[in-house]
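Student: Could we walk through this protein together? I'd like to pull out the main points by asking about them one at a time.

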Amino acid sequence: MSSNFVIDPPAVISVPVTGDTRRFAVNRIYCVGRNYADHAREMGHDPDREPPFFFMKPASAIVTDGKNMDFPSLSNDVHHEIEMVVAIGKGGANISADKALEHVYGYGVGLDMTRRDLQGEAKKMGRPWDTGKAFDQSAPCGEITPVGQCGHPAKGSVKLLVNGEVRQEGDLNQLIWNVPDTIAYLSTLFTLEPGDLIYSGTPAGVGPVKKGDVLEGSVDGLPNLKTKII
Ligand code: MN
């Protein structure tokens, strides 16, 4: 078969959409670091002195549709970070906070899985975080629920159960940068595009996972995310 490409083009990465047979195609994944004060403190930082910041994962790191996540290579300390995911439907640069929510297609539940040992080493050496944060299958993500069905969640529980026990719990109203502020600031650094996901940060309680663990994440008003570490 003839083709315009010298190798097969990569598959479109996508996540399911609540109440729709069509899917949300994923472009880039931006993550906000230390966006809950209690989590900043548990990582040894002072949230009053350091504003949140961003890092990225490739779209190919998505694990979705209830699939299992393989325990990653070269780490003995893989942590869970439960987060609300913001799905961008309309792109833009220098978006003002008061217009930011117009750019949101919907919301979901995600896990910013982290090789904490490799991240710690990178921090110590002043190196990039990619090996700690952007590895294969590091971004489990549940269904994206359109704004028309869930509104714009600004308060409500963000919770992670591991094998049925609560490990992380916080409230969206504890975000240091709320969703409009995050979009506004991020869009001054990068031109946002449709399909971009923003992992909005994790509440306190991060900790290690092991093979066999079942992770069930929830954000009030959104469908749960479930994955098993294998
Ligand atoms: Mn995170």
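Here are some questions and answers on this predicted model.

Student: Which protein residues are the donors of the manganese ion?

Tutor: Look for the side-chain oxygens lying 2.1 Å from the ion. Along the chain, the donors follow the spacing E-x1-E-x28-D. Put names to that pattern and you get E81, E83 and D112.

Student: How many residues apart in sequence are the parts that E81 and D112 tie together?

Tutor: E81 sits in the loop between β6 and β7, while D112 is in the loop between β8 and β9. The pair therefore ties together parts that are 31 residues apart in sequence.

Student: Is D112 buried or exposed?

Tutor: Buried means under 20% relative accessible area. E81 comes in at 4%, so it counts as buried. D112 has 0% relative accessibility, so the word for it is buried.

Student: Where on helix α2 do the buried residues R116, L118, Q119 and A122 lie?

Tutor: Helix α2 covers residues 116-125. What covers its buried residues includes α1, β6, β9 and α3. R116, L118, Q119 and A122 span an arc of only 160° around the axis, which means they lie on the same side of α2.

Student: What is the relative accessible area of F190, and is it buried or partly exposed?

Tutor: F190 is in the loop between α5 and β14. Together with M56, Y185 and L189, F190 makes a nonpolar surface patch of about 350 Å². Its relative accessible area is 33%, so F190 is partly exposed.

Key
Residues numbered from 1 in each chain as written. Predicted model: local features only at pLDDT ≥ 70, side-chain atom pairs only at ≥ 80, totals over all residues. Heavy atoms only, no water. Donors = N, O, S within 2.8 Å, 3.2 Å for Na, K, Ca; no water. Helix = DSSP H or I, 4+ residues; strand = E, 2+ residues; numbered from the N terminus. Buried < 20%, exposed > 50% of the residue type's maximum accessible area, 1.4 Å probe, protein only. Patch = residues over 30% accessible without salt bridge, like charges linked within 9 Å, V, L, I, M, F, W, Y side chains within 5 Å. Areas by Shrake-Rupley, 256 points an atom, 1.4 Å probe, with all protein chains shown as cover. Salt bridge = Lys/Arg side-chain N within 4 Å of Asp/Glu carboxyl O. Arc of directions from axis to C-beta. Contact = heavy atoms within 4.5 Å.
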